[in-house]
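Visitor: Before we begin, I would like to hear how each label in this tour is justified, with the value set beside the rule that decides it.

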Amino acid sequence: EFRRVLFRSAGLFMNSGVEEVTLPAGVTVLTAQMFSGAVNLKKLTVLGNLTTTFTTYYPGYSTESYRSYGTFYGNELLEEIVFAGSTTSLGANLFRGMHTSVPTTITFKGDVGSIGYYAFNAFDGLKSVTFEGDVATLDYSTFEACETIENVDFNGDVGLVNYRALYGAENLKEVNFNGALNQVSYYAFYNCHSLEKVTFKGKVGTFGMGTAQGQRFSTGPTYMGYHIFTNCRSLESVTFEQDVDTIGACAFFNCRGLVELNFFGDISRIDPYAFAFDTTLESVDFNNVFTLGDYAFYNDAALERVTYENILTYGSYVFAETSLKAYELPEDYTIGNVFDSEGLFYNSNLESFVLPKGVTAVPNYFFAGCANLANVTVLGELVEVGEQAFYGTAITDFTLGDSLEAVDRAALAGSPITEVEV
């Protein structure tokens with residue numbers, strides 16, 4: 001109890017000459033300005049289970065103020081911090097604005113309950129963070145603007161990576177989620193321009209769920225799905241080794257270095273524009289996908305190969321403006337009207353195509369702009385051909401079967417049709 005009281009004292013090591021500090025198991029709190037001005041401090045080890053941390057807060061003050069008045073102010077030689085036990089709550093702004101002149105690594109060996117907002121915000125000198133146990137919550141802007149951080153490893157399960165958690169971490173190169181991941185909120189890794197590789201080894205819940213600015217939704221999951229990894233221009237490889245619930249809208253939008261995308265588990269839903277404008281993406285491997293949303297791979301100009309076990313539902317313009325030369329719809333796939341899956345292959349490089357028996361309508365703009373498409377085999381009985389469905393293709397002959405009831409406006413316009421058989 002003496003140690004508990006002793007280490008609650010604010011500024012305990014303030015302006016001291018200590019180089020290494022080990023806090024015993026009885027210490028449960030890090031106090032405000034505890035190590036402020038300890039300019040020679042190189043290593044801190046916390047052996048016990050922390051319940052909370054405190055950072056002096058001055059209303060209205062900026063990141064520079066936290067740099068000047070924070071718990072670790074002036075610890076420019078700090079190389080390593082180890083939290084050996086569990087951490088119930090790592091307080092907001094704890095390392096905010098900190099500067100070190102040497103690369104700093106931080107390791108959490110036990111479980112972490114919550115990491116508060118701005119906890120590592122603008123930490124100049126932070127190189128890597130490793131979480132060996134489970135993490136319940138990474139709150140909003142936790143690592144935002146940490147321009148020196150290169151690696152973050154989550155070796156346990158993660159509950160929530162919240163809004164802007166690593167936004168603008170300019171030198172972040174690799175992120176590994178080695179356990180299950182429940183939710184990732186929007187803008188979590190936005191503008192991480194050096195990020196090269198992301199691996200999800202455990203089951204993934206939802207991309208694009210979470211809370212904004214510390215607000216808590218009382219009605220359960222609220223869809224927030226956009227821009228999780230948007231503008232991660234160096235991202236080359238993304239691997240999901242187990243099942244994924246939902247990948248939210250624009251989750252990997254404009255990742256112009258993305259080449260490889262692997263899904264080894266099943267996916268419930270990929271939402272609109274999830275991988276749109278990833279202009280270097282060449283191949284995608286799926287198992288089972290229940291819903292592939294509108295424009296999911298729109299304008300992925302290098303995309304040539306997509307493999308899958310089964311896809312139940314396609315949205316509109318999913319593979320529009322890609323380089324797909326061949327693709328097979330599931331044998332049991334059905335399209336019953338011209339508004340389903342509109343423009344699915346719009347302006348792609350398809351050369352031939354087989355419409356399964358369950359397709360009774362060719363949707364609007366379905367093959368429009370497919371200039372290399374010369375042969376389409378219809379296994380079932382078509383009832384309707386939608387507007388501009390074959391516009392600008394290379395088809396030279398077309399057979400109107402007995403079942404056909406309607407051919408909509410400009411369905412075959414711009415194609416070198418020389419023969420129509422009725």
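Guide: What follows is a walk through the strands, the salt bridges and the cysteines of a predicted model.

Visitor: What makes up the protein chain in terms of helices and strands, and how many residues of it count as buried in percent?

Guide: The protein chain holds two helices and 31 strands, and of its 422 residues 53% count as buried. Its accessible surface comes to about 17000 Å², with 46% of that belonging to carbon and sulfur atoms. Among contacts with a separation of 6 or more, 40% are between residues 24 or more positions apart.

Visitor: What is the order of the strands in the open sheet of 12 strands, and which are its edge strands?

Guide: The order is β1-β3-β5-β7-β9-β11-β13-β15-β17-β19-β21-β23, and the pairing is parallel. The edge strands are β1 (20–23) and β23 (305–307), since each of them pairs on one side only. From one strand to the next, the twist averages 5 degrees.

Visitor: How do you know that β15 and β17 pair?

Guide: Pairing requires at least two bridges between the strands, and four bridges join β15 (residues 197–200) to β17 (residues 237–240), so the two count as a pair, running parallel. One of the partnerships is that of Val198 with Val238 in β17.

Visitor: What links β13 to its partners β11 and β15 in this sheet?

Guide: β11 and β13 pair in the parallel sense over four bridges, and β13 pairs with β15 in the parallel sense, also over four bridges. Glu174 appears in both pairings, as the bridge partner in β13 of Asn151 and as the residue whose bridge partner in β15 is Lys197.

Visitor: Why are β6 and β24 called edge strands in the open sheet of 10 strands?

Guide: That sheet has the order β6-β8-β10-β12-β14-β16-β18-β20-β22-β24, with parallel pairing. β6 (87–90) and β24 (310–314) each have a single partner strand, so one side of each is left without a neighbour in the sheet. Here the twist averages 5 degrees from one strand to the next.

Visitor: What makes β16 and β18 a pair?

Guide: Strand β16 (residues 204–207) and strand β18 (residues 244–247) are joined in the parallel sense by three bridges, and because at least two are required, they qualify. Val204 stands opposite Val244 in β18.

Visitor: Why is the contact of Arg164 with Glu144 called a salt bridge?

Guide: The rule asks for a side-chain nitrogen of Lys or Arg within 4 Å of a carboxyl oxygen of Asp or Glu, and the N to O distance for Arg164 and Glu144 is 2.5 Å, so the pair meets the rule. The pair links distant parts of the chain, 20 residues apart, with Arg164 in the loop between β12 (158–161) and β13 (174–177) and Glu144 in the loop between β10 (135–138) and β11 (151–154). Glu144 has a relative accessible area of 11%, and because buried means under 20%, that is its label. The structure holds five salt bridges.

Visitor: Are Asp271 and Arg269, which also meet in a salt bridge, buried or exposed or partly exposed?

Guide: Their N to O distance is 2.5 Å. Asp271, at 6% relative accessibility, falls under the 20% limit and therefore counts as buried, whereas Arg269, at 33%, lies between that limit and 50% and is therefore partly exposed.

Visitor: What makes Glu387 and Arg409 a link between separate parts of the sequence?

Guide: The closest N and O atoms of Glu387 and Arg409 are 2.4 Å apart, in a salt bridge. Glu387 lies in the loop between β28 (384–385) and β29 (397–399), and Arg409 in the loop between β30 (406–407) and β31 (419–421), so the pair ties together parts that are 22 residues apart in sequence. Glu387 has a relative accessible area of 19%, and is therefore buried by the under 20% rule, while Arg409, with 56%, is over 50% and therefore exposed.

Visitor: How do you know that Cys255 is not in a disulfide with Cys232?

Guide: The sulfur of Cys255 is 5.1 Å from the closest cysteine sulfur, in Cys232, and because a disulfide needs sulfur atoms within 2.5 Å, this is too far for a bond. By this rule the count comes to zero disulfides. Cys255 is buried, with a relative accessible area of 0%, and Cys250 is buried as well, with 13%.

Notes: Residues are numbered from 1 along each chain as its sequence is written. This is a predicted model: local features need pLDDT of at least 70, side-chain atom pairs count only at pLDDT 80 or more; totals for chains, interfaces and linings use all residues. Side-chain values use heavy atoms; hydrogens and water are left out. Buried means under 20% relative accessible area, exposed over 50%, partly exposed in between (1.4 Å probe, protein chains only). Contact means heavy atoms within 4.5 Å. Accessible areas come from the Shrake-Rupley method with a 1.4 Å probe; for residues, only the protein chains shown count as cover. Axes are lines fitted to C-alpha atoms, for helices over the stretch in contact, and angles run from 0 to 180 degrees between N-to-C directions.
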